[in-house]
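I opened the model today to look up one sheet, its helices and the nonpolar cores. My notes follow in the order of looking.

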Amino acid sequence: MSIDLSLYRNIGIFAHVDAGKTTTTERVLSLTGKIHKVGEVHDGEATTDFMDQERERGITIQSAATSCFWKDHRLNIIDTPGHVDFTIEVYRSLKVLDGGIGVFCGSGGVEPQSETNWRYANESEVARIIFVNKLDRLGADFKRVVKQVEDVLGAKPLVMTLPIGREDDFTGVVDLLTQKAWVWDASGDPLAYEIQDVPADMADEVAEYREALIETAVEQDDDLMEAYLEGEEPAIDDIKRCIRKGTINLDFFPTYCGSAFKNKGVQLVLDAVVDYLPSPTEVEPQPEVDLEGNETGEKAIVDIDRPLRALAFKIMDDRFGALTFIRIYSGKIEKGMTVLNTYTGKTERIGRIVEMHAESREERDSAQAGDIVAVLGMKNTQTGHTLADPKNPATLEPMVFPEPVISVAVAPKNKGAAEKMGVAIGKMVAEDPSFHVETDEDSGETILKGMGELHLDIKVDILRRTHGIEVEVGAPQVAYRETITQAVEDSYTHKKQTGGSGQFAKIDYKVEPLEPGEGFQFESVVTGGNVPREYWPAVQKGFELSMAEGVMAGFPMVDFKVTLIDGGFHAVDSSAIAYEIAAKAAYRQTMPKATPQLMEPVMKVDVFTPEDHVGDVIGDLNRRRGMIKSQEPGATGVRIKADVPLSEMFGYIGDLRTITSGRGQFSMEFSHYSACPKNVADAVILSKKP
């Protein structure tokens, strides 16, 4: 059976921590008839927050996918986390969405995380509508938030509704298109509303905003614009058509207001999803790349009759086994069919196909282009892998994940749990590509690496609670790097004579620093065959293998170039292995001469503080070797942006709360590596000495 894809909306709800994303999702689900008893986040009962860690902390960690219906349209909703350590979840969710709802808090406004999420959504070219939530809160101000969206995000909000009343007196909204007021009673029932005329004291304001709305909308259609300039008001359907076009082109973002918690204004947001956000067929299709990663020029056009293209965007382990969430771009999947994972080159069998609704699920026999479903029984598929038709393979552009910047060592409290811990961590790595694990060969410790302190805290928590493994956790470690700052020319000869053939390799070479981020480069300028061409890769390999351990404190060496200038060889005794050994010894001999330097990760820190604590917060950041980048006064406080070394940021949340009497908030993400001051480098090197 074919499905009318114009009735599909794949949308995500994203926002800053505590802006009310999950509550908004709850209200959407209750209004669309999926939940009968509405759960509250602050009671720890939200339907989409079903991990213990989510219920306890009242934050969403995993994005949960769920489906519901509104006005004959099927909405596939992905609830994403707002916390900075989990932006990876937001990023990979955006990749598979066609549209989104950006939720902003009526009093908090545009907060640090909303900026990051908005930037991701811009990069992924996702059409959005805006919902300014919590207008029943003290200090809530719809117009101020609209202005912040313009100033801070550089976006163009198209105001579609205006609030009636403020804070405690917030009773409803005026729909500017129909010029009708939706007024709710105090019962909190989302259906207990009346549609009335616009309150008399708001008539002028409504007229002014409505005019601005129509003027912006008709810019999308020259004929309508001409008629409008001649004094002819366009029909509501024509205005809606223009708004839809402009929203899909990202020219503006229809902006609504309400209070999800008090059940006011959510219906209009749902109408907007149906009216203005794109269906799967109206979005620029994903580019296809061949198995080598080159663009083929083909697109994964949303069409059930084309070859299968699907992206695995999330893996979740639950009591039924591993669930792989996939977005199908073209073609279809059926129970029992075989698909090709283009990343691993292996085929996988599709076990059961389920449609998710937070914790409950409905079985399906097949799914097709435009669908978001979960599949059971995938063995080797991970986040970002493409599933394709084995007879006609192609890859969708792979997702890019940031490198972890912080690590902790963990060890099971009793020896018997080591194997169990290994299995549990394996599952966690499959679920979260920004979480890495390695074993320290010297100490045998298991090292967990992640995007921030909270990220690792929660991973350890999941080990303890979900998997029942008690672990001891070491102090957090920073991922330092080493580099060189001077060019050095040098020579090394490797000679070994034992009975029979010996080993001989001589290399003359130059090491020089590169710009940050350029990695490792190797070049050979040898002429005349003094080092035969077949041995060049062995020299390169010797240096590459040595890079993993720097000469100062054993951290990876980055951003340098090796040029092989000349050398010598022996017709009998020279071999690839001899040149590789020579290169490894040359690395140890020369790197200390090239003035090595320790590099530390620097974080982009965004702090929000009430005005009376600004001086203390800045003083504290300066003490942490922070560089203050900017200060922006807002209505409820000041936002301070700074670059601060990660090593100075451990335990920062506790200190910030102390300084600001519990009112400060902050977020941070990795920015770049920069050189460590000598006193810091000395301390790090000393701590690494056995």
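Before reading the sheet I fixed one term: two strands pair if DSSP finds at least two bridges between them. I also note that this is a predicted model.

**Entry 1, the sheet.** I looked up the strand order and found β31-β32-β34-β33, an open sheet of 4 strands with mixed pairing. Which strands stand at the edges? They are β31 (488-496) and β33 (520-524); each has a single partner strand, so one side of each is left without a neighbour in the sheet. I then checked the twist: on average, neighbouring strands of this sheet are turned by 25° against each other, direction ignored.

**Entry 2, one strand pair.** I followed β31 to β32 (residues 503-513) and counted 9 bridges, in the antiparallel sense. For a single example I picked E489, whose bridge partner in β32 is K510.

**Entry 3, helices on the sheet.** I looked for what packs on these strands. Helix α13 (residues 576-590) touches β31, β32 and β34, and its direction makes about 40° with that of β32. Helix α12 (residues 536-546) lies across β32, β33 and β34 (560-568) and runs at about 155° to β33.

**Entry 4, the largest nonpolar core.** I listed its members and got 62 residues. Which of them touch the most other members? I noted I101, F104, F142, M160, L213, I243 and Y256. The element that gives the most to this core is helix α9 (residues 266-276), with 7 residues.

I took Y256 for a closer look. Leaving out residues up to four places away in sequence, Y256 touches I130, F131, V132, F142, M160, T161, L268, V269, A272 and Y276.

I also found a second, separate core, of 45 residues, with L448, V478, M603 and I685 among them.

**Entry 5, helix α9.** How many residues of α9 are buried? I count 10 of the 11, so the helix is largely enclosed by the rest of the structure. Buried was taken as under 20% relative accessible area. The buried set includes Q267 and D271 as well as L268, V269, A272 and Y276.

**Entry 6, whole-protein totals.** I closed with the overall figures. The secondary structure comes to 16 helices and 38 strands. Of the 690 residues, 54% count as buried. Among contacts with a separation of 6 or more, 71% are between residues 24 or more positions apart. The protein exposes about 30,000 Å², and carbon and sulfur atoms supply 49% of that area.

Technical notes
Residues are numbered from 1 along each chain as its sequence is written. This is a predicted model: local features need pLDDT of at least 70, side-chain atom pairs count only at pLDDT 80 or more; totals for chains, interfaces and linings use all residues. Side-chain values use heavy atoms; hydrogens and water are left out. Axes are lines fitted to C-alpha atoms, for helices over the stretch in contact, and angles run from 0 to 180 degrees between N-to-C directions. Contact means heavy atoms within 4.5 Å. Buried means under 20% relative accessible area, exposed over 50%, partly exposed in between (1.4 Å probe, protein chains only). Accessible areas come from the Shrake-Rupley method with a 1.4 Å probe; for residues, only the protein chains shown count as cover. A nonpolar core is a set of buried Ala, Val, Leu, Ile, Met, Phe, Trp, Tyr and Cys residues joined through side-chain atoms within 4.5 Å.
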